[in-house]
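Please open the model in your viewer with the cartoon and the side chains available, and follow the stops below in order. Each stop suggests a selection and then describes what is found there.

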Amino acid sequence: MDWAKLKTVLLTGFLAFTAGCQLTLSSNFGNDNAATSANYIVAYQITDVSDLNDPVIIAIPKITVIAEQEASISISESNKQFIEIEVEINEGEPTIGTTEFSIKEGDHHTSGKLTALVGKAAELQTGGFRIKVLIEPQSANRE
């Protein structure tokens, strides 16, 4: 049997053997109740306000976060801009989201922490940047 036929037989055998199998990946990180926890969409607007006469929106990232879990995002543009955001949603009365951020653009940078109630916009202006955040529950209807 030549090599091409052997590869075909082995591949066909493997596919037949694995038919009906399901691959599940899991980790030890996170909440065991993640499947039943609420999801939230955290939307940011990051504006460079170092020149108040000419504010420039530099990023509008969105992050999906599972309640009681941490999520993060990093955005960079070679040697010009670096944005790193970590967010965690704590369900309770009231449900709040806490965001830690680090922003660098050109020669100015800032970092800090911002807390927002779900459904209420929050804003912080620091280090020549304005950071707006809005946390909304993710719809159960994912059409």
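Begin by selecting residues 39–48 and 129–137, which are strands β1 and β9; in this predicted model these two strands run antiparallel and are joined by 9 bridges. If you label Val42 in this pair, you will find that its bridge partner in β9 is Ile135.

Keep β9 selected and add residues 122–126, which make up strand β8; β8 and β9 are also paired in the antiparallel sense, here over 5 bridges. The two strands form a hairpin with 2 residues between them, and Gly127, which sits in the turn, has a positive phi of about 60 degrees. Within the hairpin, Gln125 stands opposite Arg130 of β9.

Now show the side chains of Arg130 and Glu123, which form a salt bridge whose closest N and O atoms are 4.0 Å apart. A search of the whole structure finds 1 salt bridge. Because its relative accessible area is 48%, Glu123 is classed as partly exposed.

For the next stop, select Val42, Tyr44, Val87, Ile103 and Val133, the residues that touch the most other members of the largest nonpolar core, which holds 23 residues. Strands β1, β2 (56–59), β3, β5, β6, β7 (108–117) and β9 each supply at least two residues of this core.

Stay with Tyr44 and display its surroundings: leaving aside neighbours within four places in sequence, Tyr44 is in contact with Ala59, Ile60, Pro61, Ile63, Ile85, Val87, Thr99, Ile131, Lys132 and Val133. One of these partners, Thr99, deserves its own selection, since a polar contact of 2.9 Å joins the side chains of Thr99 and Tyr44.

Where does Thr99 lie, and is Thr99 buried or exposed? Thr99 is placed in strand β6, which spans residues 96–105, and Thr99 counts as buried because its relative accessibility is 1%, with the cut-off for buried set at under 20%. Apart from residues up to four places away in sequence, Thr99 touches Tyr44, Ile85, Glu86, Val87, Gly112, Lys113, Leu114 and Val133.

Two loops are worth a look for their backbone geometry, and a general expectation helps in reading them: most residues other than glycine have a negative phi, and most peptide bonds are trans. Select Glu93 and Pro94, and you will see that the peptide bond from Glu93 to Pro94 is cis, with omega near 5 degrees; Pro94 lies in the loop between β5 (81–90) and β6. Then move to Glu68, which has a positive phi of about 70 degrees although it is not a glycine. Glu68 is found in the loop between β3 (62–66) and β4 (70–77), and with a relative accessible area of 37% Glu68 is partly exposed.

To finish, clear the selection and view the whole chain, which contains 1 helix and 9 strands in the order α-β-β-β-β-β-β-β-β-β along the sequence. Of the 143 residues of the protein, 27% count as buried, and among contacts between residues at least 6 apart in sequence, 37% join residues at least 24 apart. If you switch on the surface, the accessible area of the protein comes to about 10000 Å², of which 52% belongs to carbon and sulfur atoms.

Definitions and conventions
Residues are numbered from 1 along each chain as its sequence is written. This is a predicted model: local features need pLDDT of at least 70, side-chain atom pairs count only at pLDDT 80 or more; totals for chains, interfaces and linings use all residues. Side-chain values use heavy atoms; hydrogens and water are left out. Helices (H or I, at least four residues) and strands (E, at least two) are DSSP runs, numbered from the N terminus. Buried means under 20% relative accessible area, exposed over 50%, partly exposed in between (1.4 Å probe, protein chains only). A polar contact is a pair of N or O atoms within 3.5 Å; within protein, one must be able to donate a hydrogen and the other to accept it, and residues adjacent in sequence count only if both atoms are side-chain atoms. Contact means heavy atoms within 4.5 Å. Accessible areas come from the Shrake-Rupley method with a 1.4 Å probe; for residues, only the protein chains shown count as cover. Two strands pair if DSSP finds at least two bridges between them. A nonpolar core is a set of buried Ala, Val, Leu, Ile, Met, Phe, Trp, Tyr and Cys residues joined through side-chain atoms within 4.5 Å.
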